[in-house]
Amino acid sequence: MPFTTIEEVERYLAGIPKFQSDHTKAADFNLEKFRKFCAKIGNPQQQFPAIHVAGTNGKGSTCRILASVYKEAGYKVGLYTSPHILRFNERFEVDGAPIPDEALISFLQAHEQLIEMHHLTYFEISTAIAFWWFSESAIDLGIIEVGLGGRLDATNIIKPELSIITSIALDHTGILGDSLSEIAREKAGIIKKERPVVIGKLPPAARETIRSVAEERDAPVLDIDELQPAFNAPSTVGLRADDKEYSFKTPFKMPVQALNVALAWRAIHGLTHPFPVSIAQFRAGLAKINVGYGRFERLTSAHRWYFDGAHNLEAVKKLKEAVQYQGNISEAVLILSLMRDKISPQMMDEFSEFKNIYYYTLNTERAAPFGDITKWLPQVTLFPIHKSQQGRLLKELNSKLVIFAGSFYFYATVRDWMKTFC
């Protein structure tokens, strides 16, 4: 089809199965066809050095920290993350600016036939755009976030200067494996021969697996443990390095972000020869970071209302830590929306500590229906469907600590409520 407007691009992409709505039907874990496609368009992924970031949680925030710090140090930085929250363009940033509509149109105009010929998935198209746009933009360094797992993820056709594995927890078990060791081995697939890998705070079984794979590939392992990362109120992260104590002001509200700052520090110091960064630049980059949508984000200055896309066990635990910095969990109001495949007994048990819970069902096949939630959270109330009732309820919650949580795909709906009712 001819692509002359961004609306035509959006309609085309909307017709391709997505993990958001179609889960594994939208995935194709076969890197060969994607390699062949990228070779046909000139192997843009080989035109820039990169840092590759995998992990169950924390990879998006770690990517944003790295992008902000390297930009502050004077490098032209490409940042590829997923999923997008409001617009597809958000996935691809160069020096903080999303890809222009005109560039997306140009890519589809040039490569639609090849995309169809190679039967690319939604994520493969997205990844190809990232590689192409970063090559076209002549970036100095790309920060590339893994979509799912690592070993068979479309992003894994790059050969990065350094890899990062932020965390390992049970998530996507139907795809990645039922144990921490199996999941760790999939994520360790991004480790490249003789290229360093930075590891975060990992469970012992996962750590052992990662170290074993790194040893097989002669990849140096850089650990964050010795940095002793600590989150101190108000929004300050402390690190210990080279017998010195460092304190950095950040925009973060969640204690877990101290680990992500430590991961970025370790990565940056692991690449000091090709990409030097001073302490002052690191400090300034942290202070200026765009933390991204939906990561314990305060939705409005007039209310104590936050959104966090916590949708697995470890993320929910970290969310609760952040809530405790703002008030009392038993008095907070939780407005929840989840995907059916994300529900686990352990995660729902964590949510059960909230005493005031509303549930909203998203309009997608993957969404968990209200009846499924009541099995785990008998105290839950159905969030109103009609706009007028939604407005009345949110008005009643004006003075409350309210946490909107669950799927990142809930974010756009919550933002619409903010525009309508606040």
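A salt bridge here is a side-chain nitrogen of Lys or Arg within 4 Å of a carboxyl oxygen of Asp or Glu. I wanted that cut-off written down before opening the model, which is a predicted one.

**Entry 1: salt bridges**

I started with Asp223 and Arg211. Their side chains meet in a salt bridge, at 3.4 Å from N to O. Asp223 sits in strand β8 (residues 221-223) and Arg211 in helix α9 (residues 204-216), so this pair ties together parts that are twelve residues apart in sequence. I then checked how covered the two partners are. Asp223 has 10% relative accessibility and therefore counts as buried. Arg211 comes out as partly exposed, with a relative accessible area of 37%. Which residues share the network with this pair? I found Arg207, Arg211, Asp223 and Asp225 joined into one network by salt bridges that share partners.

Next I asked for the total: how many salt bridges does the rule give? The count comes to 21.

I looked up two others from that set. Glu93 forms a salt bridge with Arg64, and the closest N and O atoms are 3.7 Å apart. This one links distant parts of the chain, since Glu93 is in strand β3 (residues 92-94) and Arg64 in helix α4, 29 residues apart. Buried or exposed? Both Glu93 and Arg64 are buried.

Then I went to Asp101, which forms a salt bridge with Arg87; here the closest N and O atoms are 3.0 Å apart. Asp101 lies in helix α5 (residues 101-117) and Arg87 in the loop between β2 and β3, so the pair ties together parts that are 14 residues apart in sequence. Asp101, at 22% relative accessibility, counts as partly exposed. Arg87 is partly exposed as well, with a relative accessible area of 37%.

**Entry 2: an acid without a partner**

I moved on to Asp308, which lies in strand β13. What is the nearest side chain of opposite charge to Asp308? It is Arg295, 7.2 Å away. The salt-bridge limit is 4 Å, so Asp308 is buried yet has no salt bridge. I also listed what Asp308 touches beyond its neighbours within four places in sequence: Met254, Gly294, Arg295, Phe296, Leu319, Phe404, Ala405 and Gly406.

**Entry 3: strand β13 and its partners**

I wanted to see which way the β13 side chains go. Trp305 and Phe307 point one way, Tyr306 and Asp308 the other way, and all are buried.

Which strands pair with β13? I found β12 (residues 297-298), joined to β13 by two bridges and running antiparallel. Glu297 stands opposite Phe307 in that pairing. The two strands form a hairpin, with six residues between them. I also found β17 (residues 402-406), which pairs with β13 in the parallel sense over four bridges. There Asp308 stands opposite Ala405, a residue I had already noted among the contacts of Asp308.

**Entry 4: Gly309**

I stepped on to Gly309, in the loop between β13 (305-308) and α12 (313-326). Gly309 has a relative accessible area of 7% and so is buried. Leaving aside its neighbours within four places in sequence, Gly309 is in contact with Gly294, Gly406 and Phe408. Gly294 and Gly406 are also among the contacts I listed for Asp308. As a long-range check I took Ile157, 152 residues from Gly309 along the chain, and got 28 Å between the C-alpha atoms.

**Entry 5: aromatic rings**

How many aromatic pairs does the rule give? I get 30. Tyr75 and Phe275 form one of them, edge-to-face, at 5.5 Å centre to centre with 75° between the planes. This pair links distant parts of the chain: Tyr75 is in the loop between α4 (59-72) and β2 (77-80), Phe275 in the loop between α10 (257-270) and α11 (279-288), 200 residues apart. Both Tyr75 and Phe275 are buried.

Trp265 and Phe282 are another edge-to-face pair, at 5.2 Å centre to centre and 85° between the planes. Trp265 lies in helix α10 and Phe282 in helix α11, so the pair ties together parts that are 17 residues apart in sequence. Trp265 and Phe282 are buried too.

Last, I looked up an aromatic cluster that takes me back to β13. Trp305, Phe307, Tyr358, Tyr360, Phe383, Phe404, Phe410, Tyr411 and Trp417 form one cluster. Two of its members, Trp305 and Phe307, are the side chains I had noted pointing one way from β13.

Technical notes. Residues are numbered from 1 along each chain as its sequence is written. This is a predicted model: local features need pLDDT of at least 70, side-chain atom pairs count only at pLDDT 80 or more; totals for chains, interfaces and linings use all residues. Side-chain values use heavy atoms; hydrogens and water are left out. Buried means under 20% relative accessible area, exposed over 50%, partly exposed in between (1.4 Å probe, protein chains only). Contact means heavy atoms within 4.5 Å. Rings of Phe, Tyr and Trp (its six-membered ring) pair if their centres lie within 6.5 Å; planes under 30 degrees apart count as stacked, over 60 as edge-to-face and the rest as tilted. Lys and Arg count as positive and Asp and Glu as negative; His and the chain ends are not counted. Two strands pair if DSSP finds at least two bridges between them.
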